[in-house]
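Hi there,

Here is the structure I promised to pass on to you. Please have a look at it, and read on below for what turned up.

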Amino acid sequence: MPEEEVTIEKYARQVSKKVLNPHPYNRLMIWHRNHKQFRQELQVLEKAITIFSSQIDRHHSHSVAVQRLSKLIGKSTGLMDKSGKQLYTPGPLQKWLRRKKIVLAKMKRQTKGKNKKN
């Protein structure tokens with residue numbers, strides 16, 4: 001078995017175990033992208049976004065006093081708007097959300113191209 005396939009299988013196992021390290025998700029997405037496997041890349045993207053979003057939500061569930069203090073600090077530093085909505089998406093989520101839009105557009109173009117050929 002080639003070394004590349006072993007590495008990809010290793011990353012796939014880590015993704016299936018829901019590891020909280022963005023590296024295996026990124027490498028697996030890049031591999032699928034290079035092989036024009038947009039559907040599989042989208043699946044990895046969605047899994048990564050779900051896992052990391054839930055981790056952030058879990059991280060933000062503190063006592064009322066801590067939440068109030070976090071909101072005040074967030075507003076004063078510009079990381080939250082006046083209503084308390086976060087303006088900054090932490091970690092690799094922003095990159096992944098942007099990439100998800102691109103992959104969906106590529107998949108849409110790919111299906112249009114197939115429809116024109118038929």
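The secondary structure of this chain consists of five helices and zero strands. Starting at the N terminus, the order of elements is α-α-α-α-α. The radius of gyration is 19 Å, while the globule rule gives 13 Å for 118 residues, so the chain is more spread out than a compact globule. Please keep in mind that this is a predicted model.

You can see the overall dimensions in the box that the C-alpha atoms fill: along the principal axes it comes to roughly 60 × 40 × 20 Å. Of the 118 residues in the chain, 23% are buried. I also looked at contacts between residues at least 6 apart in sequence, and 52% of these join residues at least 24 apart.

Now for the surface and the charges. The chain exposes about 8800 Å², and carbon and sulfur atoms supply 55% of that area. There are 27 positive and 8 negative charges in the chain, and the mean positions of the two sets are 10 Å apart.

If you would like one helix to start with, try α4, which covers residues 64-77. Helix α4 has 14 residues, and the distance from its first C-alpha to its last is 20 Å, close to the 20 Å expected at 1.5 Å a residue. Just after α4 comes Gly78, with a positive phi of about 85 degrees.

Two lysines in loops are worth finding as well. Which loop holds Lys18? Lys18 sits between α1 (3-16) and α2 (22-34). Although Lys18 is not a glycine, its phi is positive, at about 60 degrees. Is Lys18 buried or exposed? With a relative accessible area of 52%, Lys18 is exposed, the cut-off for exposed being over 50%.

The other lysine is Lys36, in the loop between α2 and α3 (38-59). Lys36 is not a glycine either, yet it has a positive phi of about 55 degrees. The relative accessibility of Lys36 is 58%, so Lys36 counts as exposed.

To find your way around the model, you could begin at Lys18 in the loop after α1, go on to Lys36 in the loop after α2, and finish at Gly78, just after α4.

Best wishes, and enjoy exploring!

Note on methods:
Residues are numbered from 1 along each chain as its sequence is written. This is a predicted model: local features need pLDDT of at least 70, side-chain atom pairs count only at pLDDT 80 or more; totals for chains, interfaces and linings use all residues. Side-chain values use heavy atoms; hydrogens and water are left out. Helices (H or I, at least four residues) and strands (E, at least two) are DSSP runs, numbered from the N terminus. The radius of gyration is taken over C-alpha atoms; the globule rule is 2.2 Å times the number of residues to the power 0.38. Buried means under 20% relative accessible area, exposed over 50%, partly exposed in between (1.4 Å probe, protein chains only). Contact means heavy atoms within 4.5 Å. Accessible areas come from the Shrake-Rupley method with a 1.4 Å probe; for residues, only the protein chains shown count as cover. Lys and Arg count as positive and Asp and Glu as negative; His and the chain ends are not counted. The place of a charge is taken as NZ of Lys, CZ of Arg, CG of Asp or CD of Glu. The expected span of a helix is 1.5 Å times one less than its number of residues.
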